[in-house]
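Please open the structure in your viewer and keep the selection tool at hand. This tour proceeds one stop at a time, stating what to select and what is found there.

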Amino acid sequence: MLQSTVDFASVFKPFMLQLRFVGAYFLLGLVGWSLANFVMDVVTVGKKMHQIPCTKCRFFTGDYRLKCTVNPHFANTEEAIGCSDYYQT
């Protein structure tokens with residue numbers, strides 16, 4: 001039994017090194033893919049956040065207790081992108 005296991009291992013020994021390299025490159029590829037998706041998500045969210053016009057609005061106070069005098073619940077959120085009360089100073 002032990003001899004057949006040793007023979008089996010010696011037959012596949014040359015392929016084991018190649019499988020290790022394939023596995024390592026596969027893991028590196030997964031890490032790279034995850035990082036690329038993370039960067040694309042960050043860029044997408046950043047572009048969306050830069051569309052919020054609140055900081056340029058006349059009704060924006062800049063105070064953390066009352067950000068906007070007209071729509072305080074929507075100030076500095078994605079819901080404020082199409083604000084109908086937006087008035088640029």
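**First stop: the cysteines**

In this predicted model, the count of disulfides comes to 0. A disulfide is a covalent bond that joins the sulfur atoms of two cysteines. Why is the sulfur of Cys 54 not bonded to the closest cysteine sulfur? Select Cys 54 and Cys 68 together: the cysteine sulfur closest to that of Cys 54 is in Cys 68, and the two are 6.4 Å apart, too far for a bond. The cut-off for a disulfide is a pair of cysteine sulfur atoms within 2.5 Å.

Now keep Cys 68 selected and add Cys 57. The sulfur of Cys 68 has its closest cysteine sulfur in Cys 57, at 5.7 Å, which is again too far for a bond. Are Cys 54 and Cys 68 buried or exposed? Cys 54 is buried, with a relative accessible area of 10%. Cys 68 also counts as buried, at 10% relative accessibility. Both fall in this class because buried means under 20% relative accessible area.

**Second stop: the whole protein**

Clear the selection and display the entire chain. The secondary structure comes to 1 helix and 0 strands. Of the 89 residues of the protein, 8% count as buried. The protein exposes about 7800 Å², and carbon and sulfur atoms supply 67% of that area. Consider next the contacts in the protein with a separation of 6 or more: residues 24 or more positions apart account for 54% of them.

**Third stop: a patch on the helix side of the tour**

Select Val 11, which lies in helix α1. Val 11 is exposed, with a relative accessible area of 51%. Then add Phe 12, Phe 15, Met 16 and Leu 19 to the selection; with Val 11 they form a nonpolar patch on the surface. Together, these residues have about 480 Å² of accessible area.

**Fourth stop: a salt bridge**

How many salt bridges does a search of the whole structure find? The search finds 1. To see a salt bridge, select Arg 65 and Asp 63, whose closest N and O atoms are 3.3 Å apart. Arg 65 counts as exposed, at 64% relative accessibility, whereas Asp 63 counts as partly exposed, at 28%.

**Fifth stop: Asn 76**

Move to Asn 76, in the segment after α1. Its backbone merits attention: Asn 76 has a positive phi of about 60°, although it is not a glycine. At 33% relative accessibility, Asn 76 counts as partly exposed.

**Last stop: Asp 85**

Finally, select Asp 85, whose place is in the segment after α1 (2-49). Asp 85 is partly exposed, with a relative accessible area of 32%. Which residues does Asp 85 contact, leaving aside its neighbours within four places in sequence? With those neighbours left aside, Asp 85 is in contact with Cys 57, Phe 59, Val 70 and Asn 71. To conclude, draw a distance between the C-alpha atoms of Asp 85 and Arg 58: these residues are 27 residues apart along the chain, and the two atoms are separated by 9.6 Å.

Notes:
Residues numbered from 1 in each chain as written. Predicted model: local features only at pLDDT ≥ 70, side-chain atom pairs only at ≥ 80, totals over all residues. Heavy atoms only, no water. Helix = DSSP H or I, 4+ residues; strand = E, 2+ residues; numbered from the N terminus. Buried < 20%, exposed > 50% of the residue type's maximum accessible area, 1.4 Å probe, protein only. Contact = heavy atoms within 4.5 Å. Salt bridge = Lys/Arg side-chain N within 4 Å of Asp/Glu carboxyl O. Patch = residues over 30% accessible without salt bridge, like charges linked within 9 Å, V, L, I, M, F, W, Y side chains within 5 Å. Areas by Shrake-Rupley, 256 points an atom, 1.4 Å probe, with all protein chains shown as cover.
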